[in-house]
Amino acid sequence: MIPAARRDCPGTDRRGAGHAACHHGEILQGTFLDAAGNRCAGLVTLPMSGPGSRAEFTLRPGTPPEALTVRPGDRTKAARAAALAVEECARRLGQPPCGGELRISGDIPVGLGMGSSTSDVIAVIRAVADSYAMRLPPAAVARLAVRAELACDPLMLDARPVLFAQREGRVLEVLGRRLPPLVVVGCALGGGTPVDTLSLPARVHDDHDVRAFERLRMLLRRAVATGDAGLLGRVATASARRGQRVLCHPEFDALVGIARRLGAVGVQIAHSGAVAGLLLDPAVPGLRHRVRGCVRALESDGIPATRTFTTLPNCPTPPTSKESPSGPAHRGGHRPTGSDTPRRPARLPAL
């Protein structure tokens, strides 16, 4: 979109605000082939409305670019995103970059694989752009987000399901207009303990793995095109099982067993966190009974249930017997956890 420059007087502070949602882990993640036939890490996230990150940025024209303050002070990735966004916006308007003040808040649990880091970064980029009275296109936001945190989730895009190259910030494929209707009974594996993704062993995918991921990509494309929740559930379960080779969640078999017993179409997990979900087809009779049964089964196996939500727009969530009583885990956050994010461990969120 064409930016519109403000006609503020030099030295006048300018304020901008930005928001970004989160997601509920991945439906599919692996190594795929791009249009040129090159291998590329990619993922398809499961969107979730509700929690998100909010940023407010006050631009201070005339100050040096290094005069940038961030609150809370540990948001190093968000600080990098702010500096990069200021540089980008100033360049587009032919102005010198300057400093400013950034404030971040939010309610996304950190370390569960819900895109807390990317949500922070995108909210910051949008707030900076708003202070310049412009809206950066999604491709530019993705490029800045990758520079700020090395890899990012596709939260800067609309709700269309896409295969996204998280380390390059580009869309490999738009899979269709929308996901098939699903009801997701969320839970947290490992008691909701954050996963330090930097400590996970790196897995190198060979030709056999790539062919398997490409087949799952083809099946997911078909599931989206036909609105087939059952086929999507099979893809998500297969992807989760492959991710289990690295994550090694001890509750994974129990989660799959609950899905099988209670008629869920599959399971999904965050491939870089602990959040997971039982996937149900909302067209199946007795949905509310099934949702309550899933919550009871999860908790009887010691897997805390978090939030039940749907992929249908403007659709009320089926009630569950109860939600987790734990308090908010995080007011904005970073993913992956590690030395760049010296913050307290996340508690299980009351989503």
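1. A good place to start is the pairing of two strands, where His19 stands opposite Arg54 in β2. This position belongs to an antiparallel pairing in which β1 and strand β2 (residues 39-60) are held over 17 bridges. The model is a predicted one, and every remark below should be read with that in mind. In the hairpin that β1 and β2 form, five residues lie between the strands, and Gly37 takes a positive phi near 85 degrees.

2. Strand β2 has a further partner, since β2 and strand β4 (residues 99-106) pair in the antiparallel sense over eight bridges. Within this pairing, the bridge partner of Leu59 in β4 is Gly100. For a reader new to sheets, it may help to recall that strands of a sheet pair through backbone hydrogen bonds, either parallel or antiparallel.

3. Taken as a whole, the chain has seven helices and ten strands. Of its 351 residues, buried ones make up 55%. Among the contacts with a separation of 6 or more, 75% are accounted for by residues 24 or more positions apart. The chain exposes about 15100 Å², and carbon and sulfur atoms supply 53% of that area.

4. Which residues form the aromatic pair that is tilted? The count of aromatic pairs comes to one, and its members are Phe32 and Phe213, with 5.8 Å centre to centre and 55 degrees between the planes. The pair links distant parts of the chain, with Phe32 in strand β1 (residues 14-33) and Phe213 in helix α4 (residues 207-226), 181 residues apart. Phe32 is buried, and so is Phe213.

5. An open sheet of four strands deserves a careful look, and its order is β8-β9-β7-β10, with antiparallel pairing. Strands β8 (266-269) and β10 (305-310) each have a single partner strand and stand at the edges, so one side of each is left without a neighbour in the sheet. On average, and with direction ignored, neighbouring strands of this sheet are turned by 25 degrees against each other. One of the pairings joins β8 and strand β9 (residues 275-280) in the antiparallel sense over four bridges, and there Ile269 stands opposite Ala276 in β9.

6. Two helices can be described against that sheet. Helix α6 (residues 252-261) packs on the sheet and touches β7 (183-188), β8 and β9, while its direction makes about 145 degrees with that of β8. Helix α7 (residues 287-300) also packs on the sheet, touching β7, β9 and β10, and its direction makes about 10 degrees with that of β7.

7. Another hairpin is built from strand β5 (residues 162-165) and strand β6 (residues 170-174), which run antiparallel and are joined by four bridges. Here Phe164 has Val171 in β6 as its bridge partner. Four residues lie between the strands of this hairpin, and Gly169 takes a positive phi near 70 degrees.

8. Is Val174, whose relative accessible area is 42%, buried, partly exposed or exposed? Val174 has its place in strand β6, and it counts as partly exposed because its 42% relative accessible area falls between the limits of 20% for buried and 50% for exposed. Val174 and Leu163 are eleven residues apart in sequence, and their C-alpha atoms are 6.4 Å apart in space. With neighbours within four places in sequence left aside, Val174 is in contact with Arg160, Pro161 and Val162.

9. Ser119, which lies in helix α2 (residues 116-131), is buried, with a relative accessible area of 0%. A polar contact of 3.1 Å joins the side chains of Ser119 and Ser53. Beyond its neighbours within four places in sequence, Ser119 has contacts that include Ala20, Gly52, Ile108 and Leu155.

10. Some backbone details merit checking, given that most residues other than glycine have a negative phi, and most peptide bonds are trans. The peptide bond from Arg71 to Pro72 is cis, with omega near -5 degrees, and Pro72 has its place in the loop between β3 (68-71) and α1 (76-93). Leu150 is not a glycine, yet it has a positive phi of about 75 degrees; Leu150 is found in the loop between α3 (138-149) and β5, and at 70% relative accessibility it counts as exposed. Cys248, likewise not a glycine, has a positive phi of about 55 degrees and is found in the loop between α5 (229-247) and α6.

Definitions and conventions. Residues are numbered from 1 along each chain as its sequence is written. This is a predicted model: local features need pLDDT of at least 70, side-chain atom pairs count only at pLDDT 80 or more; totals for chains, interfaces and linings use all residues. Side-chain values use heavy atoms; hydrogens and water are left out. Buried means under 20% relative accessible area, exposed over 50%, partly exposed in between (1.4 Å probe, protein chains only). Contact means heavy atoms within 4.5 Å. Accessible areas come from the Shrake-Rupley method with a 1.4 Å probe; for residues, only the protein chains shown count as cover. Two strands pair if DSSP finds at least two bridges between them. Axes are lines fitted to C-alpha atoms, for helices over the stretch in contact, and angles run from 0 to 180 degrees between N-to-C directions. A polar contact is a pair of N or O atoms within 3.5 Å; within protein, one must be able to donate a hydrogen and the other to accept it, and residues adjacent in sequence count only if both atoms are side-chain atoms. Rings of Phe, Tyr and Trp (its six-membered ring) pair if their centres lie within 6.5 Å; planes under 30 degrees apart count as stacked, over 60 as edge-to-face and the rest as tilted.
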